[in-house]
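I opened this notebook to keep track of what I looked up, one entry at a time. The entries follow the order in which I went through the model.

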Amino acid sequence: MDTLTLSRLQFAVTAGFHFIFVPLTLGLSVLVAIMESKYVSTGDEMYLRMTKFWGKLFLFNFALGIVTGITLEFQFGMNWAEYSKFVGDIFGAPLAIEATLAFFLESTFIGLWIFGWDKISKKLHAAAIWIVAIASSLSALWILLANGWMQKPVGYVLRNGRAEMVDFSALVTNSYGWYKFFHTVLAGYVVAAFFVMGISAYHLLRRNEVRFFKASFRMAAAFGLVTSVLVFITGDFHAIKIATTQPTKFAAMEAVWETQKAAPYNLLVVPDTANEKNVVEAIGIPRGLSLLAFHDGNAEVKGLKDFPKELRPPVMTTFLSFRFMAALGMLLMLLSLIAWLLSRKDTLESYPMFLKLMLIVLPLPYIANQIGWIVAEVGRQPWIVYGLLKTSDAVSKAITPMQVAGSLAGFTLLYGFLAVVDIYLLTKNAKKGPEVLSPIMAKKTTISGNQEA
Amino acid sequence: MELQIIWFILWAVLWAVYFMLDGFDLGVGILQKFLGRNEAERGAMIKSIGPVWDGNEVWLLTAGGATFAAFPTTYALMFSYLYTALLLILFSLIVRGVSVELRGKEEGAAWRSRWETAFCISSFLPALLFGVAFGNIFKGLPMDAEGYHGNLFTLLNPYGLLTGVFFVLLFITHGALWISYKTAGSLSKRASNLANKIWYPLLVTAVLFLVHTWFATHLYANFLDVPVLFVVPVLAVLALLGIKIFSVKGASLKAFAASCITILMVTFTGVTGLFPNLIPSSIDPKYSLTIYNSSSSPYTLKIMTVVALVFVPAVIAYQAWNYWVFRKKIDPNDMTGKGEMY
């Protein structure tokens, strides 16, 4: 394999692995913050135990999200030096701002939160986790504005052989980035909702800590319902954005070969990429696709055949990823609704089948998040910056296939090992359930040493 | 002042602050394995950096991000030329972060001991490799119009290795002084003794570094042109002497402050010598990456200057507050062995 293929593979592996941890961090930080606020406002110890139990699971995840994030920043320079040279003037800014504005906040206040239980007031302690939660989403905003620029480059001119920034506000207000932000962050919140519901279901099935896990489940169900509906709505707006700015991606997502007006939406489609047509197109909704693409039933949807073959993304991957993501999105919305309705009654534990189901579906939002990124990134190919720079022109010139093969092997081994450790610790601690807060335990948190220098 | 010069200074400050802050984390990481007589002592050392190491590491990401935003060509070439060395640093930083976080997540001496070993190695490697990388940057990389003509092994030249050893000793001393200041009892005493002893090889290495720099690099040229700049290395040397003076007296906070200044001034000495290069070419100066031929556009630099001037002081303020919240010394005798979250 050549440097380009290996570097792409490595970016896919490292970004995909990073994004196992990010969605849960985004969502669970908010849920833990809500729990701790409830403890502060009600004084109910159950909420303190909730904060500690879910907080502990959150922390495994947070640490891995942080360390795997460094890899991505380094890789832009290590593997994609030509890209970095070409876009650094405009793409470097949001990354540097992310570190300065958001990452410092996250990493400083997480330390305060972990170690500060007996050092700062209860309110300040709850504020610390809120800052972590908000800073995590703020972090996502700047990263997604950077990615949004790769999807829809704005505010630049081509000068001195590179893309130079001429309008910072265009970068910051790039609607593509904002749609991506809301869609992605909300999808992360859904991951957290199903994470909490799944683990709560596990304990409720065993009648373990029923009050505790019912309260957790109820909170997560409401959170999941609201966020999964919002994921759907933002996804819909995001799709219009794609149809207008990246017609090739949209055509690949829906496997549209011929340009047509008032295009129908076919529920069942089997593409035949070799012959550039769909073998099966059934259960059509008249004008559905035009409506989806432009919120206008008569609008014209561009087909793939309008574009030269070398400018089309891999159709099958994009199409299947999008279909599965959308189907999972709908399913998660439905499950959240049922979960919310059942959790409103106090008889949650009398629906063992549903609880089992909620445990089984725990990985689904993770999968939806991963394939969502496949749609976004594979669907943009062959471009690394849409319409501006090809991925094949972006790879570093100074590195050899041997080097990248070595680093890819290293990442795969290291990340594989981390995944095993993470799953082991998460499962063990999730199964163990919350700890009992006796006065002695509470005392133990106190690190003494009043001897000042 | 020219924007490129402002960003050169900011670039230097970000790296210097990173080395000053994460330097003691790395030092503590190396030392905990050897200095701790039991699990409680090792736990106390790790706990002493627990609330702050993560925030310290972000200075590295910001230094990296700032290089990307302000000097994209340097960022691109430096990271791709030093691919394997940076990869090793990256793997180490990942393992280090995981070790700190996971060590206390499970009961059992074997589990903890393994993560302590991992923590030690993954702290040692970045300390060494950052030194090797910066030594080679001071010296210049073999690069011309064709690209880069080196590899991991050409980086391991005598000057690069000397700088690496210098960094390791600096960070070990820095970490020992931190432990001596932040912990109580015999652990603190032992850390202070270690800093006292290791100071001698540090001094010898520092002298060797200053002498070898004369022969291996062009760093002194700027100082000879503008002799007043010699104040920077002189301050570095004075601070290095200060470490010993305060450490012998048992003034651990002052000794630690002196080692902070040493690290800052050592970094500034190197960077002052580099100016206006970011990475000199060892083949021909015309291929050097300078702040002028590798910078972003004035517009981007202006935006980034505003961002830095508004937010970096804020970061310094809340990080300082965080240190203040955790100002109490940690007594290994009070370590329960079962920390709340850790």
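Before counting anything between chains, I fixed the term: two residues are in contact if their C-beta atoms, placed from the backbone, lie within 7 Å. I also noted that this is a predicted model.

Entry: chain A overall.
I began with the secondary structure of chain A and found 14 helices and eight strands. I then looked up its radius of gyration, which is 24 Å; the globule rule gives 22 Å for 453 residues, so chain A is as compact as a globular protein of that length. Along the principal axes, its C-alpha atoms fill a box of roughly 70 × 60 × 40 Å. I noted that 51% of the 453 residues in chain A are buried. For contacts in chain A with a separation of 6 or more, I found that 77% are between residues 24 or more positions apart.

Entry: a hairpin in chain A.
I looked at strand E1 (residues 156-159) of chain A, which pairs with E2(A) in the antiparallel sense over four bridges. I looked up two of the residue pairs. A:Leu158 has A:Ala163 in E2(A) as its bridge partner, and A:Val157 stands opposite A:Glu164 in E2(A). The two strands form a hairpin with two residues between them. In the turn, I noted a positive phi of about 55 degrees at A:Asn160.

Entry: where the chains touch.
How many residues of each chain are in contact with the other? I found 62 residues of chain A in contact with 65 residues of chain B. On the side of chain A that touches chain B, helix H2 (45-78), helix H3 (81-115), strand E2 (162-165) and helix H13 (401-432) each supply at least two residues. The largest share, 23 residues, comes from H3(A). I sorted this side of chain A by class and got 35 nonpolar, 19 polar and eight charged residues.

Entry: one helix pair across the chains.
I took H2(A) and helix H4 (residues 72-81) of chain B, whose axes come within 7 Å and cross at roughly 95 degrees. That angle makes H2(A) roughly perpendicular to H4(B). From H2(A), the residues that meet the other helix are A:Phe74, A:Gly77 and A:Met78. From H4(B), they are B:Tyr75, B:Ala76, B:Met78, B:Phe79 and B:Ser80. By class, I noted six nonpolar, two polar and no charged residues in this contact.

Entry: B:Ser80.
Is B:Ser80, a residue of helix H4 of chain B, buried or exposed? I found 26 other C-beta atoms within 10 Å of B:Ser80, so it is buried. Leaving aside its neighbours within four places in sequence, B:Ser80 is in contact with A:Gly77, A:Met78, A:Ala81, A:Ser396, A:Ala398 and A:Ile399. In its own chain, I looked up B:Tyr148, 68 residues away along the chain, and found 9.3 Å between the two C-alpha atoms.

Entry: a buried helix in chain B.
I ended with helix H2 (residues 39-49) of chain B, which is largely enclosed by the rest of the structure because nine of its 11 residues are buried. I listed the buried residues of H2(B) as B:Glu41, B:Arg42, B:Gly43, B:Ala44, B:Met45, B:Ile46, B:Lys47, B:Ser48 and B:Ile49. What covers them includes helix H1 (3-35), helix H3 (53-70), helix H5 (83-102), helix H6 (109-139), helix H8 (158-182) and helix H9 (186-216) of chain B.

Conventions:
Residues numbered from 1 in each chain as written. Chains lettered and ligands numbered in written order. Predicted model: local features only at pLDDT ≥ 70, side-chain atom pairs only at ≥ 80, totals over all residues. Nonpolar A, V, L, I, M, F, W, Y, C, P; charged D, E, K, R; others polar. Axes fitted to C-alpha atoms, helices over the stretch in contact; angles between N-to-C directions. Parallel < 35°, antiparallel > 145°, perpendicular 65-115°, else oblique. Buried ≥ 20, exposed ≤ 12 C-beta atoms within 10 Å, placed from the backbone. Pairing = 2+ DSSP bridges. Rg over C-alpha atoms; globule rule 2.2 N^0.38 Å.
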